[in-house]
Amino acid sequence: MNKYKKSYIGKGTAVAGMDIVKITLKVEELLKVTHEFEGVKYLTFELAKMQSKDDFGRTHTAYVSVREVATEEETAADKAARIAAEKAAKKAAKAKKTEEEPVLETADSEIPF
């Protein structure tokens, strides 16, 4: 399964009444994520609307998605950790279920009709 890591490179604000987003990008971050094809440098990034404005009123965020290459060892380790976590969760749920005290029936709890 492919996993992607987001490297945030800047933020922006939607221009009122227009389909334009004014963004500010960090040059140092841009230089780290550029790629080269046939001797020409390129930058590919995503611009996404944030769920809510940040403290400075910015509405959009810019980031670069980089696919993480997983080796077989990492994949096996992730799988083993997931299985161990699932087993621990099941064991905890079973222990919690056995700890619950049964509800005692009393004469008041029975309904005659």
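Is D54 buried or exposed? D54 counts as buried, at 19% relative accessibility. The threshold matters here, because buried means under 20% relative accessible area. The model behind this value is a predicted one.

**A link between distant parts of the chain**

D54 takes part in a salt bridge with K11, and the closest N and O atoms of the two are 3.4 Å apart. This pair joins distant parts of the chain, as K11 and D54 are 43 residues apart. K11 belongs to strand β1, which covers residues 3-14. D54 lies in a loop, with β5 (46-49) on one side and β6 (60-68) on the other. While D54 is buried, K11 counts as partly exposed, with 29% relative accessibility. The contact also belongs to a network of salt bridges, in which K11, D54 and R58 are linked.

**Salt bridges within helices**

In the whole structure, a search finds four salt bridges. Among them are two that lie within helices. K32 and E29 meet through their side chains at 3.3 Å, N to O. Both residues are in helix α1 (residues 27-33), where a spacing of three residues amounts to about one turn of the helix. K32 is exposed, its relative accessible area being 63%, whereas E29 is partly exposed at 24%.

The second helical pair is R82 and E86, whose side chains form a salt bridge at 3.3 Å, N to O. Helix α2 (residues 72-99) holds both R82 and E86, and they are four residues apart, again about one turn of the helix. R82 is partly exposed, with a relative accessible area of 43%. E86 also counts as partly exposed, at 39% relative accessibility.

The table lists these three pairs with their N to O distances.

| Pair | Distance | Location |
|---|---|---|
| K11 and D54 | 3.4 Å | K11 in strand β1, D54 in the loop between β5 and β6 |
| K32 and E29 | 3.3 Å | both in helix α1 |
| R82 and E86 | 3.3 Å | both in helix α2 |

**Contacts with aromatic rings**

Which ring does the charged end of K6 sit over? The ring is that of Y63, and the charged end of K6 is 4.5 Å from the centre of this ring. As for pairs of aromatic rings, the count comes to one.

**Summary**

K11 and D54 connect distant parts of the chain, and both are linked with R58 in a network. The pairs K32 and E29 and R82 and E86 each stay inside a helix. K6 and Y63 add a contact between a charged end and a ring.

Technical notes: Residues are numbered from 1 along each chain as its sequence is written. This is a predicted model: local features need pLDDT of at least 70, side-chain atom pairs count only at pLDDT 80 or more; totals for chains, interfaces and linings use all residues. Side-chain values use heavy atoms; hydrogens and water are left out. Buried means under 20% relative accessible area, exposed over 50%, partly exposed in between (1.4 Å probe, protein chains only). Rings of Phe, Tyr and Trp (its six-membered ring) pair if their centres lie within 6.5 Å; planes under 30 degrees apart count as stacked, over 60 as edge-to-face and the rest as tilted. A charge sits over a ring if NZ of Lys or CZ of Arg is within 6 Å of the ring centre and within 35 degrees of the ring normal.
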